[in-house]
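Please open the structure in the viewer and keep the sequence panel visible. The stops below are to be selected one after another.

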Protein chains: 2
Amino acid sequence: MMFYEIPNDEPIYPISTAAKLLNISVHTLRMYEKENLIIPFKKTTNHRLYSASDIERLKCIRNAINESKISINGIKTIYSMMPCWEYIGCSEEERNNCPAYSSHNEPCWAVKGVDTVCAKKECRNCDVYNKFSECSNIKNFIKNLSRVK
Amino acid sequence: MMFYEIPNDEPIYPISTAAKLLNISVHTLRMYEKENLIIPFKKTTNHRLYSASDIERLKCIRNAINESKISINGIKTIYSMMPCWEYIGCSEEERNNCPAYSSHNEPCWAVKGVDTVCAKKECRNCDVYNKFSECSNIKNFIKNLSRVK
DNA sequence: TTTAGTTGGTATTTATAAATACCAAATATT
DNA sequence: AATATTTGGTATTTATAAATACCAACTAAA
């Protein structure tokens, strides 16, 4: 018998499976997407697929909502505080042209402009986006910022 | 006729006046205090007094709750992200001994320990606390952090 | 000393965020 | 070809955060 290891960023679960794994409804998953909390992989036919790391991210979101009692808009605001420009390495000018740099309500991946460094990037694969599979990472990121730089 | 300028950090409004200015109930003000969103001045008799800058801060909190739809716990989590240690200038050791450094749910002024630099400080008068009279300042602080250091 | 305001507490109400239910059209699967 | 699933949409329900109401004891002001 052979085992194949599936990378945890491989999109494998259709939406119904993801919903079952998280014990929530399919519609709720679409709602989280509409709110820019999650970016599932989309097939050419527009059908969604979720990876293991997507599931982890969603567990984290569920925990924030249900245990920590942080509203969806609260989570979005927290996401918006990520200093993405440091991670991407934006120049002074690039920062000032980027809506993400001044956004206080939406995560960077929800507001990237058309002339920005990130415009053509697939946010789903971006480190800035992925650093949040574990939610407490934003403050950790801020800690590192202040030490490293 | 003479005019006396009142410093905007001077505690002058009793709770009923503050409530009227904000168009909310007295109990709501006490609730915000219990949740560590605000630290009003307390007279020796335990009666509260609010300053003009307290009122501004509260307007900001009201806006976050009513307009931005961020829950109280969300606001607390956002407050907890403030890199106070940079502002206070804590050493490596001081950081690691301070509950505020690792807190993800409570603002620093709600969790300061007994052996910390801030233990004896009056948080109400602290710059870290006061920088938030204008709410969008946390991200601005992070921006400065990454540039200055 | 009489009236007004504050204290901290619990119990209740209200407003609404979050989740569910249902829909017809499109796509996937057998 | 027939069954199952997904799509995006609106309308509804549910759970609960946030605010209010009420309390007796204490303090402040006229």
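Select chains A and B together: 20 residues of chain B are in contact with 20 residues of chain A, two residues being in contact if their C-beta atoms, placed from the backbone, lie within 7 Å. On the side of chain B that touches chain A, helix H4 (72–80) and helix H10 (137–148) of chain B are the elements that give two or more residues. Helices (H or I, at least four residues) and strands (E, at least two) are DSSP runs, numbered from the N terminus. The most comes from H10(B), with five residues. By class, this side of chain B has seven nonpolar, nine polar and four charged residues; Ala, Val, Leu, Ile, Met, Phe, Trp, Tyr, Cys and Pro count as nonpolar, Asp, Glu, Lys and Arg as charged, and the others, Gly among them, as polar.

The model is predicted: local features need pLDDT of at least 70 and side-chain atom pairs count only at pLDDT 80 or more, whereas totals for chains, interfaces and linings use all residues. Residues are numbered from 1 along each chain as its sequence is written, while chains are lettered from A and ligands numbered from 1 in the order in which they are written.

Next, superpose the two chains. A rotation of 180° with 0.0 Å of shift along its axis places chain B on chain A, with an RMSD of 0.0 Å; the fit is by least squares on the C-alpha atoms of residues with pLDDT of at least 70 in both copies. This is the relation of a two-fold axis. Both copies use the same surface, as 100% of the contact residues of chain B recur in chain A.

Now select the sheet of chain B. Its three strands form an open sheet in the order S1-S3-S2, with antiparallel pairing; two strands pair if DSSP finds at least two bridges between them. The edge strands, each pairing on one side only, are S1 (13–14) and S2 (41–42) of chain B. Two bridges join S2(B) to strand S3 (residues 48–50) of chain B. Within this region, Phe41(B) stands opposite Leu49(B) in S3(B).

Move to DNA strand D. Of the 20 residues around DNA strand D, those that come nearest are Pro14(A), Ser16(A), Arg48(A), Ser25(B) and Ser71(B); a residue is near a strand if its C-beta atom, placed from the backbone, lies within 6 Å of it. This surface has seven nonpolar, 10 polar and three charged residues.

Finally, select Lys34(A), found in helix H2 (residues 26–34) of chain A. Is Lys34(A) buried or exposed? Lys34(A) is exposed because 9 other C-beta atoms lie within 10 Å, where 20 or more would make a residue buried, 12 or fewer exposed, and a count in between partly exposed, with C-beta atoms placed from the backbone.
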